[in-house]
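Please open the model in your viewer and keep the selection panel at hand, since each stop of this tour begins with something to select.

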Amino acid sequence: MPRVLLIEDDAAVRDGVTLALRRRGHEVAAAASGEDGLDLLPAFRPDIVLLDLMLPGKDGFEVCRRIRADRQLPIIMLTARGDDLDVVLGLEAGADDYIVKPARGEVLEARIRAVLRRTALPADGSAAGPAEPGPAPVETYGELAVDRAGLVVSKGGTDLPLAPSEMKLLLFLSATPGQVFSRQQLLEHVWEHSYHGDARLVDACVMRLRTKIEDTPRSPRYVQTVRGFGYRFGPL
């Protein structure tokens, strides 16, 4: 079962989440502050991080940025409100998804599994997408090289550090260049939100992805906006 690092300062929430996940077979390391959580990372080597935003000392945004600086671990934010500006800022800092507290154990488990599936993608780039495996092991789009089997994306010969949601979004879109997908379609295929999900997840992920793959993020060549409809990859 996936190893979970929980960083949460509220003792009741921390104990409740830890108990719920351990009952489902997870190994859990819990920290009450951002500093303690970062200290646990190297030795515990989690598969995923559950991160509260409102932490004493280093807040969740800073912790998220610190993790993203040298690790592409899946990160799920824990937040008290789903409509806060904090959610947007957390997604922009690099979180892959968020859960509104309090959350039932089965909700936590489902979201963890969905996020982790993004780190173990089939060669076509999505679990339910329209892609067909290409004849070549590495696909080239301008300066961008996409190795679907190896889950490696490079630009100009340099590997790009893509977070799980960024990787799956790019693989999904590039599997069918020129095809437009709505935000809701992307939420269903990339984030596996079958309900009417939060479009901010998509927009924040696109913004982060563009800063890594585009020469000029404000004039994107690869991940393009189709106003009123959604996003597409290319055409180049």
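Which residue stands opposite Leu 50 in E4? Before selecting anything, bear in mind that this is a predicted model. With strand E3 (residues 48-52) and strand E4 (residues 75-79) displayed together, you will find that the residue opposite Leu 50 is Ile 76. The two strands, E3 and E4, pair in the parallel sense, and four bridges connect them. To follow the chain from E3 to E4, add helix H3 (residues 60-70) to the selection, because the path runs through H3 and makes a β-α-β crossover that is right-handed.

Stay with E3 and colour it by burial, which shows a strand that is mostly covered, with five of its five residues buried. In a regular strand the side chains alternate between the two faces of the sheet. Here both faces of E3 are covered, with Ile 48, Leu 50 and Asp 52 buried on one side and Val 49 and Leu 51 buried on the other.

Next, select strand E1 (residues 3-7), which pairs with E3 in the parallel sense over four bridges. Leu 5 is the residue to label here, as it stands opposite Val 49 in E3. E1 also runs parallel to strand E2 (residues 27-31), to which five bridges join it, and within E2 the bridge partner of Ile 7 is Ala 31. If you now add helix H1 (residues 11-23), you have a right-handed β-α-β unit made of E1, H1 and E2.

Move on to the open sheet of four strands, whose order is E6-E7-E8-E9 and whose pairing is antiparallel. E6 and strand E9 (158-159) stand at its edges with a single partner strand each, so that one side of each has no neighbour in the sheet. Between E6 and strand E7 (residues 144-147) there are four bridges, with the strands running antiparallel, and Glu 139 can be picked out opposite Val 146 in E7.

The aromatic side chains are the next stop, and the structure holds three aromatic pairs. Select Tyr 141 and Phe 233, whose ring centres are 4.9 Å apart and whose planes lie at 75 degrees, so this pair is edge-to-face. The pair links distant parts of the chain, since Tyr 141 belongs to strand E6 (residues 138-141) and Phe 233 to strand E11 (residues 230-233), 92 residues apart. Tyr 141 is buried at a relative accessible area of 13%, and Phe 233 is buried at 1%. Now add Tyr 222, whose ring centre is 6.0 Å from that of Phe 233 with the planes at 25 degrees, so that this pair is stacked. Tyr 222 sits in the loop between H8 and strand E10 (223-226) while Phe 233 is in strand E11, so the pair ties together parts eleven residues apart in sequence. Tyr 222 is buried, as is Phe 233, and together with Tyr 141 they form one aromatic cluster.

Then select helix H6 (residues 164-174), where eleven of the eleven residues are buried, so the helix is largely enclosed by the rest of the structure. Among these buried residues are Glu 166 and Lys 168, as well as Leu 169 and Phe 172.

Finish at the largest pocket, which holds about 160 Å³ of space. Select Asp 203, Val 206, Met 207, Arg 210, Thr 211, Pro 217, Arg 218, Pro 220 and Tyr 231 to display its lining. Five residues of this lining come from helix H8 (residues 199-213), which gives the most. By class, the lining of the pocket comprises five nonpolar, one polar and three charged residues.

Note on methods:
Residues numbered from 1 in each chain as written. Predicted model: local features only at pLDDT ≥ 70, side-chain atom pairs only at ≥ 80, totals over all residues. Heavy atoms only, no water. 1 Å grid on protein atoms, 1.4 Å probe; cavity = no way out; pocket = protein on both sides within 12 Å on 5 of 7 lines; lining within 4 Å. Points joined across faces, edges and corners; volume = space filled by probe spheres on them. Nonpolar A, V, L, I, M, F, W, Y, C, P; charged D, E, K, R; others polar. Pairing = 2+ DSSP bridges. Right-handed = clockwise from strand over helix to strand, strands pointing away. Phe/Tyr/Trp six-rings, centres within 6.5 Å; stacked < 30°, edge-to-face > 60°. Buried < 20%, exposed > 50% of the residue type's maximum accessible area, 1.4 Å probe, protein only.
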